Amino acid sequence: MESHNGEADDLPPPPPLPPHAEPIKAEETKKLPKPSRALVPRKGFGKKGQPIKLLTNHFKVSLKNTDEFFHHYYVNLKYEDDTPVDSKGYGRKVIDKLQQTYAAELANKDFAYDGEKSLFTIGALPQVKNEFTVVLEDVSTGKTAANGSPGNDSPSGSDRKRVRRPYQTKTFKVELSYAAKIPMSAIAQALRGQESEHTQEAIRVIDIILRQHSAKQGCLLVRQSFFHNNPSNFVDLGGGVMGCRGFHSSFRATQSGLSLNIDVSTTMIVKPGPVIDFLLANQKVDHPDKVDWAKAKRALKNLRIKVSPGNSEYKIVGLSERICKDQMFTLKNRNGGNGDSEAIETSVFDYFVNKRGIDLRYSGAYPCINVGKPKRPTLIPIELCALVPLQRYTKALSTLQRSSLVEKSRQKPQERMSVLSDVLQRSNYDAEPMLMACGISIAKSFTEVDGRVLQAPKLKAGNGDDIFTRNGRWNFNNKRLIRATSVEKWAVVNFSARCNVRDLVRDLIKCGGMKGIKVDNPFDVFEENPSMRRAPPVRRVEDMFEQVKTKLPGAPKFLLCVLAERKNSDVYGPWKKKCLAEFGIVTQCVAPTRVNDQYLTNVLLKINAKLGGLNSLLQIEASPAIPLVSKVPTVILGMDVSHGSPGQSDIPSIAAVVSSREWPLISKYRASVRSQSPKLEMMDSLFKPNGTDDDGLIRELLIDFYTSSGKRKPDQIIIFRDGVSESQFTQVLNIELDQIIEACKFLDENWSPKFTLIVAQKNHHTKFFLPGAPDNVPPGTVVDNKVCHPRNYDFYMCSHAGMIGTTRPTHYHILHDEIGFTPDDLQELVHSLSYVYQRSTTAISVVAPICYAHLAASQVAQFIKFDEMSETSSSHGGHTSAGSAPVQELPRLHEKVRSSMFFC
């Protein structure tokens, strides 16, 4: 939704420079070339498929008066002594107080304030430069008076003062400087499908009004989502973490005008209540004696607590070095009537028990919570501290927590619709004064859209058999795989799993035979030495490999690895690294619980793909008849960057690119993976010239395509890019695409393939519903009208059958198309690519190349355990800037497995 014609004169003037700041000289900054490619406009609409009536969670927005302007003011907050206010908590409180105190001077205007640096009004404020002094009473956000800390007056010198003087006040200076004006007519233009350069700005203002509406109700705001402090919305995920259900709401410019998109949203919060209860749950221990306090310090840093008695709120900066009974500080004691004071040493424990008369049951034996400054601590016994509600938890969830969150937050389509209607009623946007002043009103009913259901592509199995798909699913009952491999020179290793390995092998051989895979008897089954069970994972893997090397006559071609736990086995990463990076051996891990025909078939599908076989093919791929793709050599790329969880700022991001091979096939892929700077979304290793060589990702993929496709260079390159937001489309289109083109030119100066670039987004909030039916939309549903972009080329596709919860469509944006697909051909290609995923017998929700890129990134990331690094990083938002430190390189795959589908 960015406007891509942002000429310099459309921008607001820069914010005023703070005093003493040196402006950067223009010639020192790099001159960025002007973006050369613009997003391709829509080419028309698809026509194929069975028409279907749908509802969507967009609510129509109508406007009345449009000749007004939003005025944008830059907010500068300072303390009395002119130091800038850096802590987040004050902005809204100060601006609210400003509005109450100076209503007349501000012409009684309502504000839309984003909580940070921007404030908007409808019409101008009386002066251009507005400076005010605001006094906040009872500021209790952890900034105590200067002497409120042990070592000079006591942890609660401030508490004592608070008793004597009811309020602790703080004075702020607020400057509102005029920055720009935005015509409200820009919204009306968006309603007519004519975006102007101000549209995005104007929509941002009304989004801020919505956020503020929620902030005033005491919600936790996470970007465009809001979460009420209502325990009925919380679900316990274990480990001191709770899932909190809330709502997303944002205005979107669409083909049928402006709409409000409302959806259910979930975030993780820290379990509120006594700090010690959180620590016991977080570390899964049953007594405070068992708490690891170094871990506790990391988990608690930056969380907010309420301290009793007195209920003042603070932010945790750390823990005391000693336990409460031994932690001493100097207390100034006032002497009799003569006003002299003497300094005495006392422990925090004694101070609270004897001086304050507070009964402490267990705090004496544990560290105190520090809410002061690292150099001048303010220490409070742990049992007086309780975590306040609605604090985001930003660390990575464990596998169990994640599956619990998914299970507890899913909703069937009907339930979701009624919840959303309810939210819209309850949020009462029509009463929001700023929206009323804009003349905005929001419809109460879901928008109707026309969809089409595409016919499922036909699939081929072995022996020329057809596979019939029903509702996006099929099976291999009584069928053979289309290209079955043989499993030979192989062995089994068992890492102490309680599993009857002999039976497993016997059943695998039998099931393989039925599917056309010739599975030889394994050379041997290697059981882990029981003494190794408790050893570190890397040692266990080394030991197992020593066994394999001494007993086998030569290197095996395949190893089946039996693990004791599903999903979170710590042997998995080191084992994969050993096999794939060091020895080049194809491997399949299993952790069997129920072994039946279905389970064995699924395992064999993966093994067959890894060993170079193919399970099924599209009929149009076998005959080759894919429009434009089958005519000339075409490579399909899938690109994805995966990041650590939000709280981990120092884990490298992993970039993966997969590419199709053996044209005219579109079912076979290989992958290349690299690490890059944490949180960097743009890929930086696509093209890396080094003298006459290029060490980038793209070169090795192109060479592989050439060698596997009968020495043909691709004349067409179709790129599917995952995980970028609309604000980054121009970067993908200009920076990443340029690097890919350079990698092509580096191989052959005269070679100019045609490109089509498509972004796939799963991270959006548009959902589709069948009116009056409890089911999800059928697989193959495509929507390219009404709720799509007014000008850009995009469509929504639900290619899979939503079995649980509500189907999340994938939003495809075509940024560039030199190949020249018709809308129908492109939608059919995307649909077909959801049916070539070799790991399952179902259509998947996003094209297979993107899924494979995810898999490759997450598997190779396991080679290096990044967790140790992240544990030491601060949990709550200790972000390093992208690209600051050198990044740990990933081990390269062994050449024997480099071109295999190892990620399957």
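Thr56 stands opposite Phe768 in strand 40. That pairing is a handy way into this predicted model, since two bridges join strand 1 (residues 50-56) to strand 40, and the two strands run antiparallel. From there, here's a quick tour of two sheets, a helix with one buried face, and a serine in strand 11.

**The 11-strand sheet**

- Strands 1 and 40 belong to an open sheet of 11 strands, ordered 35-34-33-38-39-43-42-41-23-1-40, and its pairing is mixed.
- The edges are strand 35 (669-676) and strand 40 (768-769), each of which pairs on one side only.
- Helix 18 (residues 823-832) lies across a set of strands: strand 23 (447-453), strand 38 (716-722), strand 39 (754-761), strand 41 (781-783), strand 42 (793-798) and strand 43 (810-817).
- Relative to strand 42, helix 18 runs at about 40°.

**The three-strand sheet**

- Another open sheet has three strands in the order 25-24-32, with antiparallel pairing.
- Its edge strands are strand 25 (466-467) and strand 32 (617-618), and each pairs on one side only.
- Strand 24 (residues 459-460) is joined to strand 25 by two bridges, the two running antiparallel.
- If you want a spot to look at in strand 25, try Ile467, which stands opposite Leu459.
- As background, strands of a sheet pair through backbone hydrogen bonds, either parallel or antiparallel.

**Helix 6 and its ends**

- Helix 6 covers residues 293-300, and Trp293, Ala296, Ala299 and Leu300 in it are buried.
- Looking down the axis of helix 6, you'd find its buried residues within an arc of 110°, so they line one face of the helix.
- Those buried residues are covered by elements including helix 5 (275-283), strand 16 (318-323) and strand 19 (367-370).
- At the start of helix 6, Asp292 puts a side-chain oxygen within 3.0 Å of the backbone nitrogen of Ala294.
- After helix 6 comes Asn302, which has a positive phi, near 75°.

**Ser250 in strand 11**

- Is Ser250 buried or exposed? Its relative accessible area is 7%, which is under the 20% cut-off, so Ser250 counts as buried.
- Ser250 sits in strand 11 (residues 241-254).
- The side chains of Ser250 and His248 are joined by a polar contact of 3.0 Å.
- Leaving out residues up to four places away in sequence, Ser250 touches Asp207, Gln224, Ser259, Leu260 and Asn261.

How values were computed
Residues are numbered from 1 along each chain as its sequence is written. This is a predicted model: local features need pLDDT of at least 70, side-chain atom pairs count only at pLDDT 80 or more; totals for chains, interfaces and linings use all residues. Side-chain values use heavy atoms; hydrogens and water are left out. Two strands pair if DSSP finds at least two bridges between them. Helices (H or I, at least four residues) and strands (E, at least two) are DSSP runs, numbered from the N terminus. Buried means under 20% relative accessible area, exposed over 50%, partly exposed in between (1.4 Å probe, protein chains only). The arc is that of the directions from the helix axis to the C-beta atoms. Contact means heavy atoms within 4.5 Å. A polar contact is a pair of N or O atoms within 3.5 Å; within protein, one must be able to donate a hydrogen and the other to accept it, and residues adjacent in sequence count only if both atoms are side-chain atoms. Axes are lines fitted to C-alpha atoms, for helices over the stretch in contact, and angles run from 0 to 180 degrees between N-to-C directions.
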